[in-house]
Amino acid sequence: MAWKQSPITPTAEQARIEHAKARRVIVEANAGVGKTTALCLRVLRMIREEGADPARILMLTFTEPGAEAIRRTIARLGAPASLAQRLGVRTFDQFCAVRLRRMGEPAAQDLRRPEQVKGAVLAAIQAARDRALQSGHEDDFKLHGSGHLIVERLLKDFERLKGAMVLRRQDEEFRLTPDSALETGFDFTTLAIFQAYEADRLGGGPGRDEVRFRTPGDATYDMACALSAADPVFSYENHPLRVGPLHAVVVDEFHDMNWAMATVLRELLSLYPELPFTGVGDVDQVIHAESGADSYFLRAGFHIEFGRAERMTLTHAQRFGPGIAQALEVFARKPYPSHPERGGRLEVLQLDSTQALVQHLRRVRDERQAAKAPLSEVAVLLRHPSAALDLEYGLLNAGVDYETAGFASYTSRPEMLFVRLLLAAAVGSRDAFTEASFQAAKLAAWEFIGGALPLAGGGDDPDTMAKIINAPAGAFLDFMLEDLLARTPRAQAAACVREAMNIARGDRVPDLVPALKALRMARLAEHVLVKAEAIRGAAASVLALERLVERENFLSITEMLRVIRAQEERQQQDWSARQRLVLSTIEQSKGLEYEHVLIPGLNQGQFDGDDEDERHRFYVAVSRAKHLVQLIRDPGPPSRFLPCS
């Protein structure tokens, strides 16, 4: 095998990790310090100097981008392509899916998109509702709609429940009730739906005895459940993690370690007690709300769960220079040396309004275009994307193209589709939607209002959903909407909708804000969104629409609806020839980097506080930047995070 000369000169810290003699090493690293490079240097040294077989080295990550980063780094360090191909670089989930087959399990259907499991989630909602009724807990089951609007949110909750193994870690006597749910940190409704969904996914239906399907994270969870079962279905001889001779195990992204992954790793290391192990992670990048990640595993819990290891540090910034590193050093209270020649700076900007931020981003766009620099290297990282309606509208109005990551654009959020449809019905507009968005808007309206269409002979039509989906605009707006309002059991919701539509019927802009207030979105959302944060997000979207109406000079409600549709169409156009900046949630930005990062909302009560996850989100956001971080606040009291500047 021909090795190329590596263009990388390791830092002193990376070299110490590369040549560490300890059998097991855990590295606590800062963000942007070349964690993956240090791991790969250590693995390549084992191969070159100790004769380790690349095919017998297991390199595990949490995400596929993390696995791809390892592959790129191995190639960048000069390793032959044939060697890189032999290395066992996999996500935990990929590894567990393969090993589950060792137990004789047939390959389950691999479903990657929420749309593919939507039917299973909706069926679980109905099953959980029926079970709550049978057990006398119907009043504690808080979801009153079919659940179409919260499928993705439920799947995220399921991911966290599985990652943290919330129910598996309860006492053997645990039985789900509203009171016992409080002890888990999750609401009764979510847990009831989760139990019904898992029973169906794992073949709990009549005549089923195998896993029907898996979504991302399920293979790890299923393996962890099998390993921790009181009565395992495997023996020592056919243990699913007995993979033959191993020469090393390496884990990147250790800050994403959750209880399911830890259960698998602990069992693997116990089967191979002499196996060299290296893990690396940044405790300040642990966001518990994401997939059940737990800082416990990088801190005191490491030696409890995995045994003793030599602790090493990786602190020297490679991504950015002192201007950013020194601010993070103060904020995270840990050493953060950096190369002075790398530059980089952090600024605090006080902008009076969202419009001022839009104008600032427009100037950034113009400057980058003049310099022929990609706009995709500019990211606005949002703590509360539900409140970004003003920003999105302003950017589209100013001709600044963007893509969203981790959240839906404002024109397609369920609460906005619902409001747009009600206003369109009130003023008689037939061109307020594209064909695709009108389909989504009809279903959103049905969820928020409830009810069923009538049968000719009386009673509820069991095909209500299909008829709503197939209804043309005129039929739905003129007839079906009224049927739903008349027949919904949610009388208060119907009254709010009618009041809002009556106020807006004159198509006068001065009536628009009173109509939106009459809708009482927070109360409507309680019936269909369940989670407090989602309910607040829906209400925030409507408040942002109110601000938009007060600021813009629309001639009529009809004109406003047409403007929003035009913005929606712009977002749906072919982007291949256009430069876009990035609007992203902070969680979605983990593992990525940008030349220029902007973080708005740094005011008291917005992006602020002593909560550990909140502080970690801020740390992650700032550390994504290579050259410039701009912290954005308005004239109100500043966030306590700002002294880091």
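## Ground rules

For the lining tallies below, Ala, Val, Leu, Ile, Met, Phe, Trp, Tyr, Cys and Pro count as nonpolar, Asp, Glu, Lys and Arg as charged, and the others, Gly among them, as polar. What you have here is a predicted model, where local features need pLDDT of at least 70, side-chain atom pairs count only at pLDDT 80 or more, and totals for chains, interfaces and linings use all residues. Residues are numbered from 1 along each chain as its sequence is written, and side-chain values use heavy atoms, with hydrogens and water left out.

Helices (H or I, at least four residues) and strands (E, at least two) are DSSP runs, numbered from the N terminus.

## The cavity

Let's start inside. A cavity here is a set of points, on a 1 Å grid over the protein atoms alone, where a 1.4 Å probe fits but cannot get out; a pocket is an open set with protein on both sides within 12 Å along at least five of seven lines, and lining residues have an atom within 4 Å of a point. Grid points are joined across faces, edges and corners, and a volume is the space filled by probe spheres set on the points.

The count comes to one cavity of 30 Å³ or more, and the largest cavity holds about 50 Å³ of space. Its lining is made of Val419, Leu422, Leu423, Ala500, Met501, Ala515, Leu516 and Leu519. H16, helix H20 (491–504) and helix H21 (512–519) are the elements that give two or more residues to this lining. By class, that makes eight nonpolar residues, no polar ones and no charged ones.

## The second largest pocket

The second largest pocket has about 800 Å³ of space. Its lining runs to 30 residues, and Arg168, Leu202, Tyr221, Cys225 and Ala226 lie nearest its centre. Helix H9 (188–201) and helix H10 (218–228) each supply at least two residues of the lining, with H10 giving the largest share, five residues.

The class mix of this lining is 16 nonpolar, three polar and eleven charged residues.

## The parallel sheet

Now for the strands, which pair if DSSP finds at least two bridges between them. Six of them make an open sheet in the order S9-S14-S13-S10-S12-S11, with parallel pairing. Strand S9 (345–350) and S11 stand at the edges with a single partner strand each, so one side of each has no neighbour in the sheet. On average, neighbouring strands are turned by 20° against each other, direction ignored (axes are lines fitted to C-alpha atoms, for helices over the stretch in contact, and angles run from 0 to 180 degrees between N-to-C directions).

At the S9 edge, S9 and S14 pair in the parallel sense over six bridges, with Leu346 partnered by Val629 in S14. Strand S13 (residues 594–599) is joined to S14 by five bridges, again parallel, and Val597 stands opposite Val629. Eight of the nine residues of strand S14 (residues 625–633) are buried (under 20% relative accessible area; exposed is over 50%, partly exposed in between, with a 1.4 Å probe and protein chains only), so S14 is largely enclosed by the rest of the structure. At the S11 edge, S11 pairs with strand S12 (residues 581–585) over four parallel bridges, and the partner of Glu403 in S12 is Val582.

## Salt bridges

Side chains of opposite charge can pair when their charged atoms come close. With a salt bridge taken as a side-chain nitrogen of Lys or Arg within 4 Å of a carboxyl oxygen of Asp or Glu, the structure holds 48 of them.

Which residue forms a salt bridge with Glu347? That's Arg345, with the closest N and O atoms 2.7 Å apart. Glu347 sits in strand S9 and is partly exposed at 22%, as is Arg345 at 46%. Elsewhere, Arg112 and Asp110 meet at 3.1 Å, N to O; Arg112 is exposed at 51%, while Asp110 is partly exposed at 49%.

Arg413 and Glu392 also make a salt bridge, at 2.7 Å, N to O. Arg413 lies in the loop between strand S11 (402–405) and helix H16 (414–427) and Glu392 in helix H15 (residues 389–397), so the pair ties together parts that are 21 residues apart in sequence. Arg413 is buried at 6%, and Glu392 is buried at 0%. There's a network too: salt bridges that share partners join Lys162, Glu198, Arg201, Arg214, Asp218 and Asp222.
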